[in-house]
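Visitor: Got a minute to walk me through this one? I'd like the helix packing, then the sheet.
Guide: Sure, pull it up.

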Amino acid sequence: MKGKKIILGITGSIAAYKACYIIRGLIKLGAEVQVVITPAGKEFITPITLSALTSKPVISDFFAQRDGTWNSHVDLGLWADAMLIAPATAATIGKMANGIADNMLITTYLSAKAPVFVAPAMDLDMYAHPSTQKNLDILRSYGNHIIEPGTGFLASHLVGKGRMEEPENIIRVLAAYFSASGDLAGKKILITAGPTYEKIDPVRFIGNYSSGKMGFALAEACAGRGAEVTLVTGPVCLQTSHPCIHRVDVETAAEMANQAQLYFQQADAGILCAAVADFTPETTAGYKIKREKDDLTLRLKPTQDIAAMLGQVKTSKQKLIGFALETNDEQHNAQSKLERKNFDFIVLNSLNDSGAGFRYDTNKISIIDRQGHTDYPLKSKSEVAQDIINRLVEELQ
């Protein structure tokens with residue numbers, strides 16, 4: 001939703017405080033938000049709070065000052081990429097359905113050329129009343145999107161209990177709408193990211209330096225281009241921002257293997273970016289091992305090879321992308337891994353390249369397939385993610 005201009009209409013409902021969470025979520029995704037509030041809405045939340053969140057003056061009245069300065073609902077309606085009314089009371093829904101333009105919000109709605117989303121908020125009896133349902137049906141007939149209470153999805157029938165849908169689900173609806181035109185729209189993508197921790201005892205583990213930054217950048221890039229993403233991640237200090245990313249946190253290689261196998265069944269593609277431990281202790285102590293002698297012997301056993309497992313079950317309609325982090329003989333090792341794991345292509349990065357590999361915000365990659373390889377210069381990981389996804393889109397066509 002980066003760069004999208006959103007009008008947020010707020011009406012006189014107890015749920016008005018949730019508008020703050022909607023604003024924060026939309027801005028986090030890169031949207032620009034302009035609040036238009038009804039006079040009744042200002043009884044529930046102050047314009048000062050909303051203005052502080054949006055960094056824009058809140059619009060409520062036709063005339064901004066007593067010197068003749070006025071707010072143009074026409075210009076505002078043309079400015080927006082979308083209009084969201086949340087919460088939308090029964091009174092406002094009725095005015096929208098019947099063109100009763102007695103406040104700035106309704107006149108803006110009537111002038112809007114962009115898609116309109118409506119999140120009803122009222123008690124169950126009001127919501128279920130035939131007049132409210134008739135008005136909602138009228139709004140649907142006008143092409144408005146009704147975000148039904150209790151669903152989190154665009155719906156066309158009565159469900160829920162009248163309460164406004166949760167902010168994160170409202171944001172998800174808008175994000176999905178804008179992503180629907182992306183080149184990964186309708187695709188399901190599995191991505192693994194981060195390290196795995198293999199426990200030695202309750203306080204020690206075998207791990208690696210993976211930060212998860214590359215995998216998270218790939219997840220954001222896929223979701224931003226319309227995909228439904230499942231991100232299976234090891235222990236990292238990163239957060240996802242796009243609402244179309246379903247995050248699954250794991251710790252061990254075995255846990256990651258189980259989740260990857262589960263979600264790959266329904267995926268159109270898998271991107272295996274995680275730095276999975278190759279070995280795990282044969283036994284894990286149930287207590288902290290004390291330093292009682294000069295040495296400690298650990299017996300290790302191989303972990304399940306997630307890439308090989310998914311490569312064996314991959315269908316002709318699925319794509320599988322791997323990663324190879326190498327320190328020597330990079331091209332040969334990556335090409336060999338491509339064949340052994342049944343990848344469609346593999347992303348090579350070398351620890352010998354400055355600014356590439358673990359913990360950096362940049363990466364330098366080569367994409368290798370059975371026809372050859374394409375080298376890319378050092379870029380930010382978000383830019384690298386786009387290069388990788390561009391190649392994936394070609395494979396999925």
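Visitor: At what angle do H10 and H11 pack?
Guide: About 20 degrees, for helix H10 (residues 253–264) and helix H11 (residues 306–313), with axes 10 Å apart. That makes the two roughly parallel, a label for angles under 35 degrees. Axes are lines fitted to C-alpha atoms, for helices over the stretch in contact, and angles run from 0 to 180 degrees between N-to-C directions. Helices (H or I, at least four residues) and strands (E, at least two) are DSSP runs, numbered from the N terminus.

Visitor: Which residues make the contact?
Guide: From H10, Ala253, Met256, Ala257, Ala260, Gln261 and Phe264; from H11, Ile306, Met309, Leu310 and Val313. Contact means heavy atoms within 4.5 Å. The set divides into 9 nonpolar, 1 polar and no charged. Nonpolar covers Ala, Val, Leu, Ile, Met, Phe, Trp, Tyr, Cys and Pro; charged covers Asp, Glu, Lys and Arg; the others, Gly among them, are polar.

Visitor: How far should I trust the details?
Guide: This is a predicted model: local features need pLDDT of at least 70, side-chain atom pairs count only at pLDDT 80 or more, and totals for chains, interfaces and linings use all residues. Residues are numbered from 1 along each chain as its sequence is written, and side-chain values use heavy atoms, leaving out hydrogens and water.

Visitor: Now the sheet. What's the strand order?
Guide: E10-E9-E6-E11-E14-E15-E17-E18, an open sheet of 8 strands with mixed pairing. Two strands pair if DSSP finds at least two bridges between them. Strand E10 (245–249) and strand E18 (372–375) are the edges, each pairing on one side only.

Visitor: How many bridges join E9 to E10?
Guide: 5, and the two strands run parallel. Val232 stands opposite Val248 in E10.

Visitor: Which strands does H11 lie across?
Guide: E6 (188–193), E11 (269–272) and E14 (319–326), and H11 runs at about 155 degrees to E14. Helix H12 (residues 330–341) also packs on the sheet, touching E14, E15, E17 and E18.

Visitor: Switching to backbone oddities. Where is the cis peptide bond?
Guide: From Ala86 to Pro87, with omega near 0 degrees. Pro87 is found in strand E3.

Visitor: What about phi at Asp329?
Guide: Near 45 degrees, positive in a residue other than glycine. Asp329 is in the loop between E14 and H12.

Visitor: And how accessible is Asp329?
Guide: 45% relative accessibility, so partly exposed. Buried means under 20% relative accessible area, exposed over 50%, partly exposed in between (1.4 Å probe, protein chains only).

How values were computed: Angles under 35 degrees count as roughly parallel, over 145 as roughly antiparallel, 65 to 115 as roughly perpendicular and the rest as oblique.
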